[in-house]
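Dear colleague,

I am handing over the structure below, and after it I set out what was found. Please read the notes with the structure open beside them.

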Amino acid sequence: MPRVKSSRSNPSKSPAPQGKAGFVRIISGQWRGRKLPVKDVEGLRPTTDRVKETIFNWLAPHIRGTRCLDLFAGSGGLGLEALSRYAEQVTLIELDKGAADQIKKNLATLGCSQGQVIQSDALSWLQGPATPFDLVFLDPPFRRELLPQVCELLEQRGWLAADALIYLEREKEMADLALPASWQLLKDKQAGQVCYQLYLREVNNEAGL
């Protein structure tokens with residue numbers, strides 16, 4: 001059982017339905033049912049409630065106490081959901097200033113001090129000093145070929161704990177994505193044109209979910 005703890009990047013995500021337009025909904029945890037405003041940014045594609053519910057069902061036994069990285073935060077929906085479910089700390093990286101500022105406002109509204117929002121290009125930020133994370137959310141803008149570079153930087157520069165979990169969301173047509181050899185596929189689903197997957201980093205090939 002793994003210990004899941006706590007590019008140009010981000011106007012992160014083509015529009016997709018997300019309940020009431022302009023809001024992101026927290027599904028479960030201490031802020032269950034809360035709707036928080038989302039900045040109107042071109043290309044922003046919040047993860048749908050349906051997909052988000054599946055992701056966090058996968059992760060439910062392991063979120064509490066994790067250190068998480070939401071690398072293309074966009075609306076902040078994934079990182080906020082992890083915090084609602086008692087992640088120890090979440091770092092949210094977002095390129096667009098308006099979107100980053102809105103996530104900061106939403107954290108303040110929730111009275112949450114465990115979320116850190118950094119306005120930065122994801123690829124540039126990953127070149128900096130690394131602290132290992134236990135759980136990483138990767139939901140970059142589609143059709144910009146960011147994932148190969150991002151995955152390599154995460155693996156090679158020390159951003160991942162030995163038994164980290166990595167959630168990856170990508171367009172269906174990206175069939176030949178080369179990933180680090182230590183990343184083992186645990187879960188794999190598709191919703192329309194979106195593929196979403198959960199990987200476990202098994203450095204010593206001894207961990208299991």
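A disulfide here is a pair of cysteine sulfur atoms within 2.5 Å, and by that criterion the structure holds zero disulfides. Two cysteines may still be worth a look: C112 is buried at 12% relative accessibility, and C151 is buried at 1%, where buried means under 20% relative accessible area, exposed over 50% and partly exposed in between, computed with a 1.4 Å probe on protein chains only.

Please keep in mind that this is a predicted model, in which local features need pLDDT of at least 70 and side-chain atom pairs count only at pLDDT 80 or more, while totals for chains, interfaces and linings use all residues. Residues are numbered from 1 along each chain as its sequence is written, and side-chain values use heavy atoms, with hydrogens and water left out.

On the overall layout, the protein chain contains five helices and nine strands, taken as DSSP runs numbered from the N terminus (H or I of at least four residues for helices, E of at least two for strands). Along the sequence these elements follow the pattern β-β-α-β-α-β-α-β-α-β-α-β-β-β, and of the 209 residues in the chain, 56% count as buried.

Helix α1 deserves a paragraph of its own. Eight of its eleven residues are buried, so α1 is largely enclosed by the rest of the structure; the buried residues are D49, V51, K52, T54, I55, F56, W58 and L59. These buried residues of α1 pack against β1 (23–25), α2, β6, β7, β8 and β9 (194–201).

The packing of α1 on α2 can be described further. Helix α1 (residues 49–59) and helix α2 (residues 77–84) pack at an angle of about 45°, with their axes 11 Å apart; the axes are lines fitted to C-alpha atoms, for helices over the stretch in contact, and angles run from 0 to 180 degrees between N-to-C directions. The two helices are therefore oblique to each other, since angles under 35 degrees count as roughly parallel, over 145 as roughly antiparallel, 65 to 115 as roughly perpendicular and the rest as oblique. On the α1 side the contact (heavy atoms within 4.5 Å) is made by K52, I55 and F56, and on the α2 side by G77, L78, E81 and A82. By class, this contact has four nonpolar, one polar and two charged residues, with Ala, Val, Leu, Ile, Met, Phe, Trp, Tyr, Cys and Pro counted as nonpolar, Asp, Glu, Lys and Arg as charged, and the others, Gly among them, as polar.

Finally, three individual positions, for which the contacts given leave aside neighbours within four places in sequence:

- A130 lies in the loop between α4 (122–126) and β6 (133–138) and is partly exposed, with a relative accessible area of 32%. A130 is in contact with R157, G158 and W159, and its C-alpha atom is separated by 8.9 Å from that of L154, 24 residues apart along the chain.
- A161 is found in strand β7 and counts as buried at 8% relative accessibility. A161 is in contact with P132, F133, D134 and R201, and the C-alpha atoms of A161 and E202, 41 residues apart along the chain, are separated by 9.7 Å.
- S182 sits in the loop between β7 (160–171) and β8 (183–191) and is buried, with a relative accessible area of 17%. S182 is in contact with E155, L200, R201 and E202.

With best regards
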